[in-house]
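Reader: I'd like to go through this model with you and ask how each label was earned. Could you show it first?

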Amino acid sequence: MEKIKKEQSAHLILDKPLTTKRMDILVPATGTYRALLARFIIDPGAAYIPLVNGKVADLDGEIQAGDEIRAVAQIVGG
Amino acid sequence: MKTNHGMTQFEMRPEFAAGKSPYSGKVLRVNLTNGKIWVDNHDELFYRKWVGGRGLIVYYLLKETPPNLDPFDPRNLLIFAPGILTGTILPGTGRHAVGGKSPLTGALASGEAGGWWGSECKKAGFDAVVIEGKAEKPVYLWIKDGAAEIRDASHLWGLKTVDCQTEIHRELGDNKIRIAQIGPAGEKLARISTVMHDISRAAGRSGLGALMGSKNLKAVAVRGKFDVDLEAKELMAITRKWILANYKNDMAWAMEYGTAGSVKANHDAGVTAIGNYLDGSMEGIENLDAVNIFNGLIKDRDTCNRCPVRCKLVASHEGDVNINPAYGGPEYESLAGLGPMCRVNDAVAVLKANELCAAYGLDTISTGGTIAFTMECVEKKLLNDFAFQPKFGDGDALLESIEKIAARDGLGDWMADGSARMAEKIGKGSEQMLAVAKKQEFPYHDPRLKNVIGMGYALSATGPDHMANLNDTFATWDGSDICVRLRELGMETPLKLWGISDHKIEAFFYETAFKNFLDSAVICHFYPYDFQHMVDAMNGAGGWDVDMHEIIAIGERIINAARLYLLREGFTADDDMLSARGFHATKDGPIAGKAMTPESLREALQRYYRRMGWSNDGVPSEEVLDRLDIIDLARG
């Protein structure tokens, strides 16, 4: 498998309550945020807000090289 | 009026008494001015049409109250309304609604509470309790096994909620009696006060505690022996079996941390308002997240009738500040309002503030919003005439503010009526610092991120409400319950996040219809039920042939009836608007630079009015009212 080149990659960070341990991986900077997150988050009934470089982003936006992408879990109501 | 005069007994319908019906057909009526107690009898069609809960509340307000009443006029009604599904075998049905004309907004008040009170009310033989008049002295209402009595409450007046419950249990000799009550804040007519149930479950919004206090009614105690049964058990049993098999996966978030588990995530994603809507982030937010407070401050879990999820937290702490577990624990909204909204990141202070709100009977959302507004006024030196000067970030000032609100002491006397009325007294441009709609503080789902929720805040007949609404960030994620429901209707999902497209308005139409149905039936919004589950539940309950379109029509009927009530009480389309902070973008943080404009909101509202079949002035057409069979209510 071809190694992901840093200059063509983005950081994906998932942390609690999505995972028990923080997960920080390099992913290829291709496709949409929605498609990327759909690969890693499969919880039924859940919903997430994508943060790209600290700002709320449109899920259908294209991943750019160097992006730091977080998925923030949402809980309804309260 | 004489009190402690003995129970007035009513005969139950034989089917209900035999445990073969989900409703008794009886709404208990009480006039506190003259002590009269009677019942209204309703037939099956009434329950199929109005369902209970919010539906029943708006029906009674339109039918029986004269227009433009002062909310504290004894002719205003205070209504406790379980729903057709309350107390049935379906998980998530341990809820009921409380309503009347709101002392805070002057519009409809309809708040839903969990716990056991609603189920016990139905077991006591009544589908709802409608209270009018004003007692000469403090009283409480005692309802048991198809009978009711007005009792003296002079000795209960002034008690905090735990003490009041303990005393009623002692007096009536039964610790299983369920109690709805006001705390000292409701007694003092604080317009941000609540009706509390089982001590910690609030029908929180719109000042219902003040409405109850205006009637000199301290509590409504219920205990019952009747079974709430079903016409077609097997239909509801299917849904029950499905949810019991799946809730550990589908509701894992609720089982792990409850709604309090979203505090940091919501902060990080721009959902939570910070510093009265001025800031983009708050240092130390992780101190308040359930993920962190769980080990130290959360000592137990609690639940509601018929709910295996147990999402309610129980906080406890001993130290310089003690936190009494009898008052339960915080939800996300409480942590957000009393924490980041006031820039307080001290978990003990915020959990203590939550306890004080439960003890005094205050709405944590409006209390947090009002204190944050006050803190900004102090920062801007607009309240220099007062000795008490609460500052952002000061946990002690947060706690002292709540004490002063509950006692109407000094500045607390102004704060007790909410931030909008404070701004009227302060002037000096302070209205630009308000985060309200119809004088009620916004919940902590920021309309600058969630634009259609903002439209819902502006529109809602009950003032800004995050629950009977479409949650934008859920509608943008295909796996969410909302998207599942929208696809069930044939709608394309997911939705785009920003703005209010026609697609979003269509989704808002259906989702608010569904949730107004839930608030009438009355069912917990956290359960991942879809339309077909509710079809089966209704048909299981009544032995009916309800379909998905009828569920939608029930929700539409309740929204339109609430709109009629709003217009009748003098509101116009101009009141469908957010205050200034809803349009004020932050300079930094996850939603920096983002906000709707008043013009873009007005334009979206016009499209929503058209979708509803309303005029440009937001008035429902005769055609719509006729289709929904509420034309007679519209004509008075």
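Reader: What makes the residue after α20(B), B:G490, stand out in its phi?

Author: Its sign: B:G490, which follows α20(B), has a positive phi, near 90°. Keep in mind that this is a predicted model.

Reader: Which residues of α20(B) are called buried?

Author: In this helix, residues 481–488 of chain B, they are B:D481, B:I482, B:C483, B:R485 and B:L486. The label takes 20 or more other C-beta atoms within 10 Å of a residue's own, so each of these five residues meets that count. As for what covers them, α19 (472–475), α21 and α22 (531–542) of chain B are included.

Reader: How do you know that α24(B) has close to the expected span?

Author: Set one value against the other. The helix, residues 598–612 of chain B, has 15 residues and reaches 21 Å from first C-alpha to last. At 1.5 Å a residue, counted over one less than the number of residues, 21 Å is expected, so the span is close to expectation.

Reader: Which residues of α24(B) are buried, and why are they said to be on the same side?

Author: The buried ones are B:L601, B:A604, B:L605, B:Y608, B:Y609 and B:M612. Around the axis they cover an arc of only 150°, which is why they sit on the same side of α24(B). The general background is that an α-helix has 3.6 residues a turn, so residues three or four places apart point the same way.

Reader: What does the face turned away from that buried side carry?

Author: Two exposed residues are there, B:E599 and B:E603. Exposed takes 12 or fewer neighbouring C-beta atoms within 10 Å, so both of these glutamates fall at or under that cut-off. Over the buried residues, the cover includes α18 (451–459) and α21 (502–521) of chain B. Just after the helix, B:G613 takes a positive phi of about 80°.

Reader: Zooming out, how many helices and strands does chain B have, and why is it called as compact as a globular protein of its length?

Author: Chain B comes to 26 helices and 17 strands. Its radius of gyration is 23 Å, and the globule rule gives 26 Å for 636 residues; the two are close, so chain B counts as compact as a globular protein of that length. Its C-alpha atoms fill a box of roughly 65 × 55 × 50 Å along the principal axes, and buried residues make up 64% of the chain.

Reader: Which domains does the assignment give for chain B?

Author: It gives domain 1 (8–223), domain 2 (260–441) and domain 3 (451–634). The C-alpha centres of domain 2 and domain 3 of chain B lie 27 Å apart. Their contact takes 17 residues from domain 2 and 20 residues from domain 3.

Reader: And chain A, what pattern does it follow?

Author: Along the sequence it reads β-β-α-β-β-β, with one helix and five strands. Of its 78 residues, 33% count as buried.

Reader: How many residues of each chain are in contact with the other?

Author: There are 36 from chain B and 22 from chain A. A pair counts when the C-beta atoms lie within 7 Å. On the chain B side, α8 (233–250), α9 (252–257), α10 (263–268), α12 (332–338) and α19 each supply at least two residues. The largest share, three residues, comes from α9(B). By class, that side has 17 nonpolar, 12 polar and seven charged residues.

How values were computed: Residues are numbered from 1 along each chain as its sequence is written. Chains are lettered from A and ligands numbered from 1 in the order in which they are written. This is a predicted model: local features need pLDDT of at least 70, side-chain atom pairs count only at pLDDT 80 or more; totals for chains, interfaces and linings use all residues. Helices (H or I, at least four residues) and strands (E, at least two) are DSSP runs, numbered from the N terminus. The arc is that of the directions from the helix axis to the C-beta atoms. Two residues are in contact if their C-beta atoms, placed from the backbone, lie within 7 Å. The radius of gyration is taken over C-alpha atoms; the globule rule is 2.2 Å times the number of residues to the power 0.38. Domain bounds come from an automatic or database domain assignment. Ala, Val, Leu, Ile, Met, Phe, Trp, Tyr, Cys and Pro count as nonpolar, Asp, Glu, Lys and Arg as charged, and the others, Gly among them, as polar.
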